[in-house]
Amino acid sequence: MSSRREAMTKTCWDLRAHVLISLALVLCLSSFTACADKFRVSEERQRQLQEEKGRVHCSRSRSRTVRAIVSEYLMPFVKDQKYTLPKTCRLHPDNDVYHEQEENMIELRPMQWQCGYCKKIFRNQGFLDLHFDNRHSEKLEPSSNSCLADACGALHCDYYNSLSSKPQIQATCKLAVVEKNRHSCEVLANTCFPADHSPAAQRLNHFFKRQFCDAHTCKKKLKIFPSGSGINRNKSLIYALTLFTVIVLAIFYAILYLIKRDTNLLRKGLRRASFRPPCKVQKE
Ligand SMILES: [Zn+2]
């Protein structure tokens, strides 16, 4: 009887031990899984931080807009004055983090863009932008920490973009934003065209403030880019001169042709008259 009781007690203890061991194993396993998850998350975060470090935080499209504004509404006038932008100027190509990549962006024809580094062809510019980000990020100039997009407020990027899209409802004028943009604009004018540098720099300083900075005001509605686009101005002048020359030449040759034709006809007439046999008088 006692041996039977002892056996039952032993079985009971064995069962308890099994349960306890199982519980301990489950606890160890769950804590190990939690630890592994934590480790994986921290590893992922570390990788993201590393990627973030290498990534350039500068809007490529906004930088492109600034580049377009500068080349259309500023550089033709700068070239007219035979002036070279100093390297301290934020708009100097060396201070554009995307400059090198943009130089290697080739538009073969509409809907066909080529990477200048590996000659791969893309259907649109957006895909080529992504390709540059993923494959040629080493081409971004590490020494250059300037982002052209930062000059967007000063140079009216939103207005420029609205020129090629549907007219949008004008936002209310915020004085603080306007003042900030005006200040940035004047800083650009004074660093790119220091008035005491040369007479050309002085002229361009005034021009820059008139072309870009004066319109940063809430008081009255002033025209943005009042001097217009230098490229269009030169182009239309060339077109007008070409058209004028073509018309003048066409009139000249038409007159020349008419004079020559009349002279030939006159000569032929005279020749015929001089060789005509005398008329025979009929005898009756
Ligand atoms: Zn490539």
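## Two helices that cross

A crossing is left-handed if the near helix is turned anticlockwise from the far one by less than a right angle, and right-handed if clockwise. In this structure, H2 passes H8 in a right-handed crossing. Local features in this predicted model need pLDDT of at least 70, side-chain atom pairs count only at pLDDT 80 or more, and totals for chains, interfaces and linings use all residues. Residues are numbered from 1 along each chain as its sequence is written, while side-chain values use heavy atoms and leave out hydrogens and water.

Helices (H or I, at least four residues) and strands (E, at least two) are DSSP runs, numbered from the N terminus. The axes of helix H2 (residues 60–80) and helix H8 (residues 199–213) come within 11 Å and cross at roughly 150 degrees; axes are lines fitted to C-alpha atoms, for helices over the stretch in contact, and angles run from 0 to 180 degrees between N-to-C directions. That angle makes H2 roughly antiparallel to H8, a label for angles over 145 degrees. On the H2 side, Ile69, Tyr73, Leu74, Phe77 and Val78 make the contact (heavy atoms within 4.5 Å), and H8 brings Leu204, Phe207, Phe208, Gln211 and Phe212.

## A buried serine in H2

Helix H2 also holds serine 63. Is serine 63 buried or exposed? Serine 63 is buried, because its relative accessibility is 0%; buried means under 20% relative accessible area, exposed over 50%, and partly exposed in between (1.4 Å probe, protein chains only). Leaving aside residues up to four places away in sequence, serine 63 touches Cys58, Tyr98, Cys147, Leu148 and Ala149.

## The zinc site

Which residues hold the protein donors of the zinc ion? They are Cys115 (SG), Cys118 (SG), His131 (NE2) and His136 (NE2), at 2.0 to 2.3 Å from the ion. Donors here are N, O and S atoms within 2.8 Å of the metal (3.2 Å for Na, K and Ca); water is not among the atoms, so sites may look incomplete. The site is tetrahedral, with angles of 97 to 128 degrees among its four donor atoms; four donors earn that name if all angles lie between 85 and 135 degrees.

Along the chain, the donors follow the spacing C-x2-C-x12-H-x4-H. Cysteine 118 sits in the loop between strand S2 (112–115) and strand S3 (121–122), and histidine 136, 18 residues apart from it, in the loop between helix H4 (125–135) and helix H5 (152–155). Cysteine 118 is partly exposed at 39% relative accessibility, whereas histidine 136 is buried at 9%.

Definitions and conventions:
Tetrahedral: all angles 85-135°; square planar, octahedral: opposite > 155°, others 65-115°. Parallel < 35°, antiparallel > 145°, perpendicular 65-115°, else oblique.
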